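Student: I should like to go through the terms used to describe this structure and to ask on what grounds each one is applied.

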Amino acid sequence: MARTLLVAGTASHVGKSTVVTGLCRLLSRNGISVAPYKAQNMSNNARAVVTPSGEWGEIGVSQYVQARAANVPSTTDMNPVLLKPRGDGESQLVVHGEAIGHYEAGTYYDEHWERARKAAVESYERLAEEHDLIIAEGAGSIAEINLHDRDLANVETAEFADASILLLGDIERGGVFASLYGTLELMPDDLQKRVRGCVITKFRGDSTLLDSGIEKLERRTGVPVVGVLPYDDPGLPEEDSLSLPSDDESAVLGNEDGVPPAEAVTIGVPRLPHIANFTDLEPLARVPGVRVAYVPLRSKLTGVDAVVIPGTKNTVDDLLALRNAGFDDALDGFSGPVIGICGGYQMLGERITNAAVEGIGERNTVRGFGLLPVETKFTHEKQVRQATVAVTGTGPIDGVTGAVSGFEIHMGRTTYLSPLDRPLGNRSAATESVLGTYLHGLFENENICTAFLDSISQTTDDGCPSSLGGTSNSPYTEAAELVRQIDLPWIPSEINR
């Protein structure tokens, strides 16, 4: 059986996903068979991967990325329980990659938590049989004392995996020593004994300024500080929408590349209330001279060169929210290229029928934006799969040929109301300036990304980055370099004993 290291945190967004990714790449390069694992994740950014039975299922995007970093195939065992929030206190429960239903938190813990724990243990045991080392990622804070009896990603994982614990604290907003000390004090006694070291993340400046504080913390807790990581962003996909502005605010990504504003193009993205898989936009933001601007629903699209409507957990609610804010009028008067992905594709059609299947309200038919002659009917069946399709580029991806790859995660089936171009087969519909598709990961295909940018402007000749992985300057490599300074001499000795 494998040894397990649980990377836990004093809070959310302290760098757990980045550290796990970096360790997976670093240790795999050192010849260790390593796999990522997160017993329970909460995210609407998901990927389609293989289940233990050979079907397609969903996992959080971070575990998909971590598997790529570890150079192992990604499976649902790496994230056996996924909660996909959809508002009103409910989340869709996904177990072993399969959507089970929508539940409030109380119902989940009262009626489904034991099933979730069983799935988590089964997945862990399969991974442990195949690998030397499991790098498990915790969730939120490991010191949530109100959840210690049902904390699947932290407490339960540490116990059933007999894990050593690496505790992360974020110094960016101050109070890191109090956070680490308080977290250690509030952890259950048996978990405290498992902590092998603390790591301070997101530090800016001269780390020797921390020496006296580190000495006092170590003396009070008996736990060594085994690393101070500088503030850095390797460019890994975001796990959840906490990194985005609220739906009534703006934010621009990609504007720190040194390209003058007059030479850049701007892609407007409505900040949907239930936005999902917005990582689809990240390859665009990495291109020099491209700005991805998340705009409020009330935006008039002034200064925007193209529009991408991303995926959403609640297509109908977000469609109605856009219409109530007047976004449909702004879109109707927009002359640039428009792309809708997944839920965004459904919104671009004439109508959505059987809409009440989404489970919120009793709507039957909802009018779409009418930019594509298609109709979507919601059903209870969920489509989850990876796909490689032949592309005959038209509209916003004019001129592209060959094959492109991506994945689908959606409810609803879309039919065509009149003949029109299908540049990505039956997963798409296009006119001269509008494209709708179910294919997530679209812009990770360099030919698609370049063609789309060419349809906007000829101000960039840099092309578009290909899908993550492998190169010397990849986000995986940068994450590995970031964590290289963590002192973990005990990992190889434990797994090679």
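The dialogue below takes up helix contacts, sheets and turns one after another.

Student: What kind of model is this?

Tutor: This is a predicted model.

Student: Why are α1 and α2 called roughly parallel to each other?

Tutor: The axes of helix α1, residues 16-29, and helix α2, residues 61-70, cross at roughly 20°. Angles under 35 degrees count as roughly parallel, and α1 and α2 are therefore roughly parallel to each other. Their axes come within 7 Å, and the crossing is right-handed.

Student: Which residues make the contact between α1 and α2?

Tutor: From α1 the contact is made by S17, V20, T21, C24, R25 and S28, and from α2 by S62, V65, Q66, R68, A69 and A70. Contact here means heavy atoms within 4.5 Å.

Student: How do the residues of this contact divide into nonpolar, polar and charged?

Tutor: The contact of α1 with α2 has 5 nonpolar, 5 polar and 2 charged residues. Arg counts as charged, so R25 of α1 and R68 of α2 fall in that class.

Student: Why are α3 and α4 described as oblique?

Tutor: Helix α3 (residues 105-130) and helix α4 (residues 152-160) have axes that cross at roughly 45°. Roughly parallel requires an angle under 35 degrees, and roughly perpendicular one of 65 to 115. The value for α3 and α4 fits neither range, and the two helices are therefore oblique to each other. The axes come within 11 Å, and α3 passes α4 in a right-handed crossing.

Student: What makes up the contact between α3 and α4?

Tutor: Y108, W113, A116, R117, A120, V121 and Y124 of α3 meet L152, E156 and F160 of α4. These residues divide into 8 nonpolar, no polar and 2 charged. Glu and Arg count as charged, so E156 and R117 belong to that class.

Student: What makes β2 and β12 edge strands?

Tutor: Each of them pairs on one side only. The open sheet of 6 strands has the order β2-β9-β1-β10-β11-β12, with parallel pairing. Strand β2 covers 34-37 and strand β12 covers 225-230. Neighbouring strands of this sheet are turned by 20° against each other on average, direction ignored.

Student: How do you know that β10 and β11 pair?

Tutor: Two strands pair if at least two bridges are found between them. Strand β10 (residues 164-170) and strand β11 (residues 195-203) have 6 bridges, in the parallel sense, so the criterion is met. I165 has V195 in β11 as its bridge partner.

Student: Which helix lies across β10 and β11?

Tutor: Helix α5, residues 176-186, lies across these two strands and runs at about 145° to β10.

Student: What makes the pairing of β7 with β8 antiparallel, and how many bridges join them?

Tutor: Strand β7 (residues 90-95) and strand β8 (residues 98-104) run antiparallel and are joined by 6 bridges. At least two bridges are needed for pairing, so β7 and β8 qualify as paired. V95 stands opposite E98 in β8. The two strands form a hairpin with 2 residues between them.

Student: What is notable about phi of H96?

Tutor: Phi of H96 is near 50°, a positive value in a residue other than glycine. H96 is placed in the loop between β7 and β8. N354 also has a positive phi, near 55°, and lies in the loop between β20 and β21.

Student: How do you know that β20 and β21 pair?

Tutor: Strand β20 (residues 351-353) and β21 pair in the antiparallel sense over 3 bridges. The cut-off is at least two bridges, so these strands count as paired. The bridge partner of I352 in β21 is V366.

Student: To which sheet do these strands belong, and what is its order?

Tutor: They belong to an open sheet of 4 strands with the order β21-β20-β22-β23 and mixed pairing. Its edge strands are β21 (365-367) and β23 (401-416), each of which pairs on one side only. Neighbouring strands here are turned by 25° against each other on average, direction ignored. Helix α9, residues 315-324, lies across β20, β21 and β22 (374-392) and runs at about 40° to β21.

Definitions and conventions
Residues are numbered from 1 along each chain as its sequence is written. This is a predicted model: local features need pLDDT of at least 70, side-chain atom pairs count only at pLDDT 80 or more; totals for chains, interfaces and linings use all residues. Side-chain values use heavy atoms; hydrogens and water are left out. Axes are lines fitted to C-alpha atoms, for helices over the stretch in contact, and angles run from 0 to 180 degrees between N-to-C directions. Angles under 35 degrees count as roughly parallel, over 145 as roughly antiparallel, 65 to 115 as roughly perpendicular and the rest as oblique. A crossing is left-handed if the near helix is turned anticlockwise from the far one by less than a right angle, and right-handed if clockwise.
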